[in-house]
Amino acid sequence: MQEPATKRHKKHKRQKRSANSFVPFVLLCGCLVAMVSAVNSSSTAEVYDLVILNGRVIDPESKTDAVRNLGITNGKIKTISRTQLEGRNTIDAHGLVVSPGFIDLHQHGQDEENFRFKALDGVTSALELEVGTGDVDRWYAEREGKSLINYGVSAGHLAARMAAMKEPVTFLPTGEAARRAATDAEIADMKQRLEQNLKRGAVAVGFGIQYTPQASHWEILEMFRVAARYGASCHVHMRNAGAKEPASSVQALEELLSAAAITGAPLHVVHVHSTGGPATPKLLQMIGEARSRGLDVTTECYPYIAGMTEIKSAIFNEGWQEVFGIDYKDLQWAATGERLTKETFEKYRQTGGMVAVFSMTEEIVVEALKNPLTMIASDGILEKGKGHPRTAGTYSRILGKYVREDHALSLLDALTKMTLMPAQRLERRVPSMKNKGRIRVGADADLTIFDPQTISDRSTFQNPAQPSAGVRFVVVNGVLLVKEGQLQANVHPGVAIRAPF
Ligand SMILES: [Zn+2]
């Protein structure tokens, strides 16, 4: 099935170069059937479900950046044209950018509350690939037919470890699984759980090694071996943070690069800057070098100088101040917005909850964003309006602050990091991702239409549940989810992103 897809793809490219307007295609039974329709002749014009007129269409794959009209029918892009199109519904996109919908590979919050903010930030597909789940079938069943945007999940090593150690599976481990080494029998049990979930279409394998510091190097290798057998990328929160040796983030990346080299599993390092801190440029250099030697390694970052995590987790074990180079005052309690002291830290460490960790500098964030290796991924989660502003604001913040105001990166480069690169990361295991992250004939009609002059984030650490401004229209699988900046009621066009099973 790979081969015809590649050929189709090449054919489309040739078409684009040779013709002024596109000849629409329909794909039937895996074959290519060219429709003999003259798009230049208005008398035979097709009426599409939805047309998007006069927008500045930017497609990172073909590097198109030009005013075009799009015709969409049955959830797919059917034509891209310079000529007028007719549709049952019409969007006038004059003065607006029409981009492939943004694909967030790192979004923990996977419910209506979170997806409302994601949609208004331009995200059309959000996947929970770092923490993942212990029960892929149940996870997808819970969302089917009820989701605003497309959703997907990995098989989680954390969940497998908690289950193998016979403790309740929570978001992040705080019991035995956070504290002790696994027996050989438990490692075998974890492998079997990952395998079972991969057989049921898990998109990837997720790891949070810093949350399970007693997981041996052999345990991690064993999990990578399972991922490699299924062509699944390993999305890993690394074992160590910061620059301090031993146990630096450089050493942690060495562990993962060797696991990828030994097993053949693709590797995706999550939030490289929040783990790396001052060592971030070194980590990016190492990833680039590993890629040049043929390893399939990718990474991601988000545009904020603080991370957020569970205060009860192993990240705050003895010595965290030295690891991150910060103190109590650099922690902000998500529930109230207060900065912590030794006393309040110890109190909350007992009760548990989310805490923002101000451990990065603006220079590190900009360096990570500008580097061609990084994709954009939010690491977002909101619960009853509380959480990190990255959930609601990541994509608009990049397009507003870092592209328009600071000129830190170009619009095309930013959109490439938000659309094409995340789609490509998953294509080997999930071939349907070849139809996302692009604006081309035959691609899924997941589109984000925004005003490049006004797009901006409004969420803050004090008030994270503020929707972004400037995203004017969002189309998911051909359905209008956001219209003139407003979420539409009673539409749930999101579908599962899942590996074939
Ligand atoms: Zn993480």
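**Exercise 1.** State which strands helix α10 lies across and at what angle it runs to β14.

*Solution.* Helix α10 (residues 280–292) lies across β13, β14 and β18. Its direction is at about 150° to β14, with axes fitted to C-alpha atoms, for helices over the stretch in contact, and angles running from 0 to 180 degrees between N-to-C directions. Contact means heavy atoms within 4.5 Å. Helices (H or I, at least four residues) and strands (E, at least two) are DSSP runs numbered from the N terminus.

This is a predicted model, in which local features need pLDDT of at least 70, side-chain atom pairs count only at pLDDT 80 or more, and totals for chains, interfaces and linings use all residues. Residues are numbered from 1 along each chain as its sequence is written, and side-chain values use heavy atoms, leaving out hydrogens and water.

**Exercise 2.** Find how β13 and β14 pair.

*Solution.* Strand β13 (residues 267–269) and strand β14 (residues 297–301) pair in the parallel sense over three bridges; pairing requires at least two bridges found by DSSP. H268 has T298 in β14 as its bridge partner.

**Exercise 3.** Identify the protein donors of the zinc ion and place the two histidines.

*Solution.* The donors are E130 (OE), H237 (ND1) and H271 (NE2), 1.9 to 2.3 Å from the zinc ion. Donors are N, O and S atoms within 2.8 Å of the metal (3.2 Å for Na, K and Ca); water is not among the atoms, so sites may look incomplete. H237 lies in strand β12 (residues 234–237) and H271 in the loop between β13 and α9 (272–276), so the pair ties together parts 34 residues apart in sequence. H237 and H271 are buried, meaning under 20% relative accessible area (exposed is over 50%, partly exposed in between; 1.4 Å probe, protein chains only).
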